[in-house]
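Ready for a short tour? Open your viewer, get your selection tool ready, and follow along one stop at a time.

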Amino acid sequence: MRNHSQLRKIKNRRHQILLAVKGVKKRKHKNLVSLRTIDIDDSSSIPYLRKYANTRAVYNTGREVRILDPQTSQEICLQLLMEYSSLFPGRTLNIKEEILHFSREMLIKMVLVLGRNYGMCKISDMKDKPFFSYLSRPYEKRMEQIEKYIVRNNTSPEKVSYASHRTFLEFLKLVFGINPELCKAKYEDYIAEVKLFDLLLAINEQKVTCYKASEKQPHNFARTMYVNLYATNEFTNSNTTLDISEQMYYARTFFEFITSRCEYADIYNAFLEHFQIEKWEEYYCTVVMLSVMVCKNGEGTINLERHDPDYLLNKNVLQKISIEEDSYIEIDDELGDENRDFVIFRSCPLIKQKNGDYMLYNKQLVIGRLYNSIYFDLLRCNLRYKDKNFNQFYKEIFVEKYLFDHAMVECLRDRKNDVCFPSLENVSKKDFVDQKEEMNQPDFYFREANNAFIFECKAIKLSGNLKANANVDDIIDELENKLWIKRWKKDGATKRSVKPKAEGVGQLVNHIERLENNDFLWDNVSSNKIAYYYPVLVLESSEIVRTPLSAITNEWYQKQLNDVRNVDKSKCKPLIVMTIKTLFLYDHLFRENGFKHFFDKFITEHKRKTKDSLFAMSEFNDFDNWMRTNFESNKKTYYMDTVEILRKK
């Protein structure tokens with residue numbers, strides 16, 4: 001069994017450690033409960049810092065090290081991502097100079113093949129999916145070094161990877177950041193494959209695994225875990241079916257909204273002009289079909305004549321969301337990085353090849369293009385709706401007052417509520433979004449018998465610079481400012497202090513305080529008639545709702561509750577954090593059993609008592625993932641049903 005000092009020595013050596021959460025997945029079939037180890041592609045994969053070794057129980061099973069959280073019984077398995085210095089200590093590789101020795105076309109095809117066929121690129125997979133084709137001395141040397149690396153770290157080939165999905169995107173970004181005219185094929189094939197392998201390891205070291213640990217709270221595991229999931233593991237933790245269903249639902253709702261009233265005509269027309277199309281269905285159908293193709297067949301190339309016999313793909317849309325194979329995208333640190341956080345790749349998830357074919361090079365970018373990118377498409381158009389700019393229109397009117405409220409209507413339809421604000425009938429009115437809000441009103445509130453449910457919805461965005469820098473303190477500071485208490489505003493690159501204002505979590509605590517003081521305008525019930533308060537923070541973006549956010553926001557919630565007087569804290573349930581997606585996916589269950597049923601079950605399983613606060617929530621579980629793991633959604637066929645409708649039109 002490895003002791004803590006041995007585990008610390010692992011991180012002292014230069015390599016990246018990824019963690020895979022090992023969980024129990026319940027399948028609803030009689031009394032069967034099947035246990036499975038979640039593969040790192042589906043799990044929460046985060047760099048492991050040695051300072052946390054003494055906060056988790058560590059076990060050694062043969063050659064595999066496991067970390068077990070004694071509070072939650074969650075198991076974490078270590079997965080190593082090799083770096084260049086892992087094989088060649090003390091040496092660095094000049095990535096840009098190496099790329100110049102390969103043709104642009106060859107490198108792009110290589111990234112596509114690896115991303116499509118090699119997954120997490122585990123060393124153990126080399127038997128069935130060999131990286132090397134030639135038995136050369138450089139190849140033998142690297143395999144010898146890999147074997148020594150595995151022995152040195154007392155691990156096994158299946159626990160070591162030489163690349164990840166993010167590695168391939170970083171590689172592609174570097175390739176497009178060099179003028180293609182400067183790239184020439186100079187290596188013989190047996191040398192070229194070895195150099196490509198070295199490039200992957202160097203990219204791991206210099207681009208993939210970089211992040212800055214917290215100086216403010218260096219021992220806060222939840223914060224470190226959150227930043228690594230949000231900033232460095234975006235492309236290794238996804239559920240394709242749910243992702244595409246979310247994007248289709250959000251996008252379809254957005255288009256139905258902006259075509260529902262003539263007041264939104266300028267916004268709708270700007271969208272049509274941007275893509276040079278006549279109706280939104282042309283864009284929607286094109287990106288949906290691309291998503292279906294990449295989900296069904298994996299990354300690859302499409303030829304319009306062979307793959308689109310029904311002419312469902314609009315050529316103008318394809319052109320707009322593509323980059324040319326010989327494009328140059330500036331990534332110079334001094335002149336500016338035009339593709340920071342893959343912003344160009346997100347907008348253009350296709351590469352148009354010289355022969356006219358299109359390359360789909362990343363599944364998640366194609367899916368995210370459907371809805372996530374629309375905001376940025378229209379943000380550049382300087383649109384206005386009455387006294388609001390497009391950013392305000394999108395967040396305050398569409399997301400918070402239309403998308404969220406209509407999702408709540410579906411969850412509460414046919415349920416008996418003693419009080420509901422806004423009323424379900426009012427939400428259904430077309431001009432509801434224009435109704436003026438009263439001061440301090442909640443985004444949504446309802447009471448069932450003696451239980452009060454308070455919702456605040458936030459459509460926040462975090463800048464690409466934050467994600468690219470992966471600075472724990474900066475990202476958490478931004479979240480606090482947008483989801484708890486606003487203390488500053490950005491004036492360009494400068495932070496300007498403002499009068500503190502409650503946001504999200506802060507607003508929820510304020511609502512509870514008003515209810516307790518009988519000063520809540522939207523329910524005249526006496527506070528002694530309320531048994532429990534259920535505060536709920538709802539976010540639009542699944543990208544931001546990473547698992548540890550539940551623990552982090554509950555820390556803020558606890559701090560503010562402890563500072564509030566005249567509130568019976570025993571009535572305050574832990575804060576629930578969820579996405580609008582979960583409201584959509586499980587509206588039938590919330591409608592049938594009520595929110596209380598699911599909130600109570602989740603809280604019972606994942607609430608922990610602590611010495612210095614009333615409770616804490618597990619950093620390894622959040623409500624969205626808990627619902628997905630334990631309950632079936634009736635929207636599983638949503639995207640395929642929508643595809644069939646599109647085919648018939």
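## Stop one: the sheet

Begin with an open sheet of five strands, ordered S14-S15-S16-S19-S20, whose pairing is mixed. Keep in mind as you look that this is a predicted model.

Select residues 419-421 for strand S14 and 576-579 for strand S20: these are the edge strands, and each pairs on one side only. Now turn the view to look across the strands; from one strand to the next, the twist averages 20°.

What holds neighbours like these together? Strands of a sheet pair through backbone hydrogen bonds, either parallel or antiparallel.

## Stop two: strand S19 and its neighbours

Next, select residues 532-539, which make up strand S19. S19 runs parallel to S20, and four bridges join the two. To find this pairing on screen, show Leu-537, which stands opposite Val-577 in S20. Then show Val-536, whose bridge partner in S20 is Ile-576.

Now add strand S16, residues 451-458. How many bridges join S16 to S19? There are eight, and these two strands also run parallel. Asn-451 is a handy marker here, standing opposite Tyr-532 in S19.

Is S19 largely enclosed or not? Seven of its eight residues are buried, so the rest of the structure largely encloses this strand.

## Stop three: a helix on the sheet

Keep the sheet visible and select helix H25, residues 595-606. H25 packs on the sheet and touches strands S15, S16, S19 and S20. Compare directions: that of H25 makes about 85° with that of S16.

## Stop four: two crossing helices

Hide the sheet and select helix H9 (residues 240-258) together with helix H17 (residues 390-412). Their axes come within 11 Å and cross at roughly 110°. H9 and H17 are therefore roughly perpendicular to each other.

Which residues meet here? Show the side chains of Tyr-249, Tyr-250, Thr-253, Phe-254, Phe-257 and Ile-258 in H9. Across from them, H17 brings Phe-393, Tyr-394, Ile-397, Phe-398, Tyr-402, Leu-403 and Ala-407. By class, this contact of H9 with H17 has twelve nonpolar residues, one polar and no charged ones.

## Last stop: confidence

Finally, colour the model by pLDDT. The protein averages 86, and 87% of the residues score at least 70. Now select residues 1-65, where pLDDT stays under 50. The model has 183 contacts beyond four places in sequence for this stretch, but take care: where pLDDT is low, the predicted coordinates should not be read in detail.

Note on methods: Residues are numbered from 1 along each chain as its sequence is written. This is a predicted model: local features need pLDDT of at least 70, side-chain atom pairs count only at pLDDT 80 or more; totals for chains, interfaces and linings use all residues. Side-chain values use heavy atoms; hydrogens and water are left out. Axes are lines fitted to C-alpha atoms, for helices over the stretch in contact, and angles run from 0 to 180 degrees between N-to-C directions. Angles under 35 degrees count as roughly parallel, over 145 as roughly antiparallel, 65 to 115 as roughly perpendicular and the rest as oblique. Contact means heavy atoms within 4.5 Å. Ala, Val, Leu, Ile, Met, Phe, Trp, Tyr, Cys and Pro count as nonpolar, Asp, Glu, Lys and Arg as charged, and the others, Gly among them, as polar. pLDDT is the predictor's confidence in each residue, from 0 to 100. Two strands pair if DSSP finds at least two bridges between them. Buried means under 20% relative accessible area, exposed over 50%, partly exposed in between (1.4 Å probe, protein chains only).
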